[in-house]
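Here are some exercises to work through with the structure open beside you. Try each task before reading its solution.

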Amino acid sequence: MIKAVRGTRDLLPPETALWNFVEEKVREVFRAYNFHEIRTPIFESTELFARGVGEETDIVSKEMYTWEDKGRAASEKGQMITLRPENTAGVVRAYIEHKLWDRGLDKLFYIGPQFRRERPQKGRYRQFYQIGAEVIGPSTAGSESPARDAEILELLATLLDRLGIKDWTLELNSVGCPKDRAAYNEALRKALEPVAASMCVDCQRRAITNPLRVFDCKVPEDQSIIATLPLISQYLDEPCRKHFDHVMEILKFVGVPFTRNERLVRGLDYYTRTAFEFTHGALGAQNSILGGGRYDGLAEQLGSPQPAPGIGFAIGEDRIVLALQESVGDIQPKPDVYIAPLGTGMDREAARLARELRHQNVIAELGDENFRLKKSFEAATKIGAKFILIVGGNEVQSGIFALKNLASGEQVDVPREELAKKIQS
Ligand code: HAM
């Protein structure tokens, strides 16, 4: 038997109804905040992620699905391709490629699969889905303003509330600008020098190449050392400090609760200033339901002739659904009516009636003229239909149909033209 590849999974009904519910709610909220959808390819040049996300990150150094796409003709060069592990780099690439800076501030959202070769477990998959958004544009359009950061965070609080997800915690930090980070990295390097030898091999390498990435370490023995390292907050310059204060001030004013976590640095290299994660207690080890932050230098990093500061987030849709599953249960819509053709020649009559009813937005399931009445009833009950409608020769001739409520057992005779109304009442 051929099975789905490790770390990937099939999403089946009735669970897919929950996915649709989440996506519908999310689209509603994005509409209210004037965000518009962007769709970028699921594979991009490997270089995009190396330059955007960072060579030293876990994502780029060990989790990407990369292959060489050979040219089909002598004129076509081969290139290294990667299944996107995240969508921010792709959105910024598209922004630059289509010179979107002429449009002022762009508020974009996306929903789609991402790919990371992580160790699979509950809430962590190799193909997973993100719902993300990016606010990006020239500084003159206000893209750098702390008001945008606060708006994004308020949007997320609203979104989680609308979805009915309770008990979330917003963890907030500022990782400063590149200048602050250079000073901080230097301080980390110094602090790590005497202790790195007793850490894991990854940390030994990070201590030299990109000390900030030591915070991505999950090795339990290393955590006591990591806890003693200096904090980024001590290295923020005045503008970064002010920016962050302004974000926190707005959040307090509009009533979005948050916790300041000075150890939150995020696992991707492009972040500047505001960085955040929302966690949820019910999710266990994979408790981060979403993450994001500001990336003011990313466009230039990817070769943009114009700066395009931005801020965004990505929600782990798989994790949102997991968090909702217990509280919401099965929300797959049940059919309104099971139409049971009774006897030879009735399939086509039932089909015609189903067509009429479906045009009036009745959810109808269509039976089979070869089924005996008992079997039709069993089928109707099994799928949870509200009514069963018998279509036999007499009914067709008279235009009066027997409609039975399967829960109450009540049966009424209904003229053809009134069926839809009766079924939906
Ligand atoms: P990230 O923190 O790498 O950020 O991912 C965001 C969210 O995706 C995580 O909080 C988690 O819920 C979900 N996620 C990540 N990996 C997996 C996985 N293997 N299985 C299931 N869910 C997963 C980003 O991707 C940034 N692009 C977010 C961003 C947008 N920053 C600025 N704009």
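**Exercise 1. Polar contacts of the ligand**

How far is a nitrogen atom of the ligand from an N or O atom in the side chain of Thr88?

*Solution.* Keep in mind that this is a predicted model.
- Step 1: start at Thr88, where an N or O atom of the side chain sits 2.8 Å from a ligand nitrogen.
- Step 2: turn to Glu118, whose side chain has an N or O atom 2.7 Å from a nitrogen atom of the ligand.
- Step 3: add the backbone of Gly316, with an N or O atom 3.3 Å from a ligand oxygen.
- Step 4: now look at the cover. On its own the ligand has 660 Å² of accessible area, and the protein covers 96% of that.

**Exercise 2. The shell around the ligand**

Find which strands each supply at least two residues of the shell around the ligand, and which element gives the most.

*Solution.*
- Step 1: list the residues that come nearest. Among the 27 around the ligand, these are Glu86, Thr88, Glu118, Tyr125 and Tyr271.
- Step 2: assign the strands. At least two shell residues each come from strand S6 (127-136), strand S10 (288-294) and strand S11 (310-316).
- Step 3: pick out the top contributor, which is S10 with six residues.
- Step 4: sort the shell by class, giving eleven nonpolar, nine polar and seven charged residues.

**Exercise 3. The second largest pocket**

Describe the second largest pocket: how much space lies in it, and which residues are closest to its centre?

*Solution.*
- Step 1: take the volume, about 270 Å³.
- Step 2: go to the centre. The lining has 17 residues, and Arg181, Asp269, Tyr270, Tyr271 and Gln301 are the closest to that point.
- Step 3: trace the helices. Helix H2 (46-54), helix H6 (178-192) and helix H10 (298-301) each supply at least two lining residues, and the largest share, four residues, is from H2.
- Step 4: split the lining by class into six nonpolar, seven polar and four charged residues.
- Step 5: link back to the ligand. Tyr271, one of the residues closest to the pocket centre, is also among those that come nearest to the ligand.

**Exercise 4. Asn210**

Is Asn210 buried or exposed, and which side chain does its own side chain join in a polar contact?

*Solution.*
- Step 1: locate Asn210 in the loop between helix H7 (201-209) and helix H8 (223-226).
- Step 2: compare its relative accessible area of 13% with the cut-off of under 20%; Asn210 is therefore buried.
- Step 3: follow the side chain to Asp269, which it meets in a polar contact of 3.3 Å. Asp269 is also one of the residues closest to the centre of the second largest pocket.

Terms used. Residues numbered from 1 in each chain as written. Predicted model: local features only at pLDDT ≥ 70, side-chain atom pairs only at ≥ 80, totals over all residues. Heavy atoms only, no water. Near = heavy atom within 4 Å. Polar contact = N/O pair within 3.5 Å; in protein donor to acceptor, adjacent residues only side chain to side chain. Areas by Shrake-Rupley, 256 points an atom, 1.4 Å probe, with all protein chains shown as cover. Nonpolar A, V, L, I, M, F, W, Y, C, P; charged D, E, K, R; others polar. 1 Å grid on protein atoms, 1.4 Å probe; cavity = no way out; pocket = protein on both sides within 12 Å on 5 of 7 lines; lining within 4 Å. Points joined across faces, edges and corners; volume = space filled by probe spheres on them. Buried < 20%, exposed > 50% of the residue type's maximum accessible area, 1.4 Å probe, protein only.
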